[in-house]
Amino acid sequence: HLRGYLDRGELLEIHDAGEMIGVVVLVRQADEVEIWNIALAEDHRGRGLGRLAIRAIADRCTRAGATRLTVGTSDCSLGTIAFYRKAGFRFAGVREGYFDTYPMAVVENGIRARDMVMLRMTLPSGSTRT
């Protein structure tokens, strides 16, 4: 999927101590930036680096004049939803049936993904981040 939408967004590398440990694809629409893909190398997860990356992405988007940062994940990605909530995102809606059109079923935690859960972070523009 990543190659299919690179031309619609901006691909950025995530580094730690000079080593590339992940990537993120950001897509801007008006004053909102959506994270379309973010991935950290497995051996760098669980150490707070993902949260630091989200903070850096939010700061970059704020400097670029965006007012919101959004991300979507499958309705069965329970750990991912918790990660985004801890990073400061709030629930913003559901794209019903999003994964129903995939050629192969997406299954996580023993649950078939059906809907995309959308989360949003309001970026500061003189106000505080929520």
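In what order do the six strands of the open sheet stand? In this predicted model, the order is β1-β2-β3-β4-β8-β5, and the pairing is mixed. β1 and β5 (90-95) stand at the edges. Each has a single partner strand, so one side of each is left without a neighbour in the sheet. From one strand to the next, the twist averages 30 degrees.

The pairings can be followed from the β1 edge inward. Strands of a sheet pair through backbone hydrogen bonds, either parallel or antiparallel. β1 and β2 are antiparallel and share seven bridges. Within this pair, Leu12 stands opposite Val24 of β2. β2 and β3 also run antiparallel, joined by eight bridges. Here Val24 has Ile38 of β3 as its bridge partner. Val24 thus appears in both pairings, opposite Leu12 and as partner of Ile38. The link between β2 and β3 is a hairpin with two residues between the strands. Ala30 lies in that turn and has a positive phi of about 55 degrees.

The pairing sense then changes. β3 and β4 are parallel, with four bridges between them. Ile35 stands opposite Val71 of β4 in this pair. Between β3 and β4 the chain passes through α2, and this β-α-β crossover is right-handed.

Two helices are described against the sheet. α2 packs on the sheet and touches β1, β2, β3, β4 and β8 (116-122). The direction of α2 makes about 155 degrees with that of β3. α3 lies across β3, β4, β5 and β8. The angle between α3 and β4 is about 165 degrees.

Pockets were examined next. Rolling a probe the size of a water molecule over the atoms shows where empty space is left. The largest pocket has a volume of about 980 Å³. Its lining has 35 residues. Ile38, Gly72, Thr73, Thr80 and Tyr84 lie nearest the centre of this pocket. Two or more lining residues come from each of β3 (32-40), α2 (49-63), β4 (68-74) and α3 (78-86). β3 gives the most, with seven residues. By type, the lining divides into 15 nonpolar, twelve polar and eight charged residues. Ile38 therefore has two roles in this description: it is the bridge partner of Val24, and it is among the residues nearest the centre of the largest pocket. 

The second largest pocket holds about 200 Å³ of space. It is lined by 13 residues. Those nearest its centre are Glu13, Ile14, His15, Ala53 and Ala56. β1 (10-16), β2 (19-29) and α2 each supply at least two lining residues. The largest share, six residues, comes from α2. This lining comprises nine nonpolar residues, one polar residue and three charged residues. α2 contributes to the linings of the largest pocket and of the second largest pocket.

Conventions:
Residues are numbered from 1 along each chain as its sequence is written. This is a predicted model: local features need pLDDT of at least 70, side-chain atom pairs count only at pLDDT 80 or more; totals for chains, interfaces and linings use all residues. Side-chain values use heavy atoms; hydrogens and water are left out. On a 1 Å grid over the protein atoms alone, a cavity is a set of points where a 1.4 Å probe fits but cannot get out, and a pocket is an open set with protein on both sides within 12 Å along at least five of seven lines; lining residues have an atom within 4 Å of a point. Grid points are joined across faces, edges and corners, and a volume is the space filled by probe spheres set on the points. Ala, Val, Leu, Ile, Met, Phe, Trp, Tyr, Cys and Pro count as nonpolar, Asp, Glu, Lys and Arg as charged, and the others, Gly among them, as polar. Two strands pair if DSSP finds at least two bridges between them. Axes are lines fitted to C-alpha atoms, for helices over the stretch in contact, and angles run from 0 to 180 degrees between N-to-C directions. Contact means heavy atoms within 4.5 Å. A crossover is right-handed if, with the strands pointing away from the viewer, the path from the first strand over the helix to the second runs clockwise.
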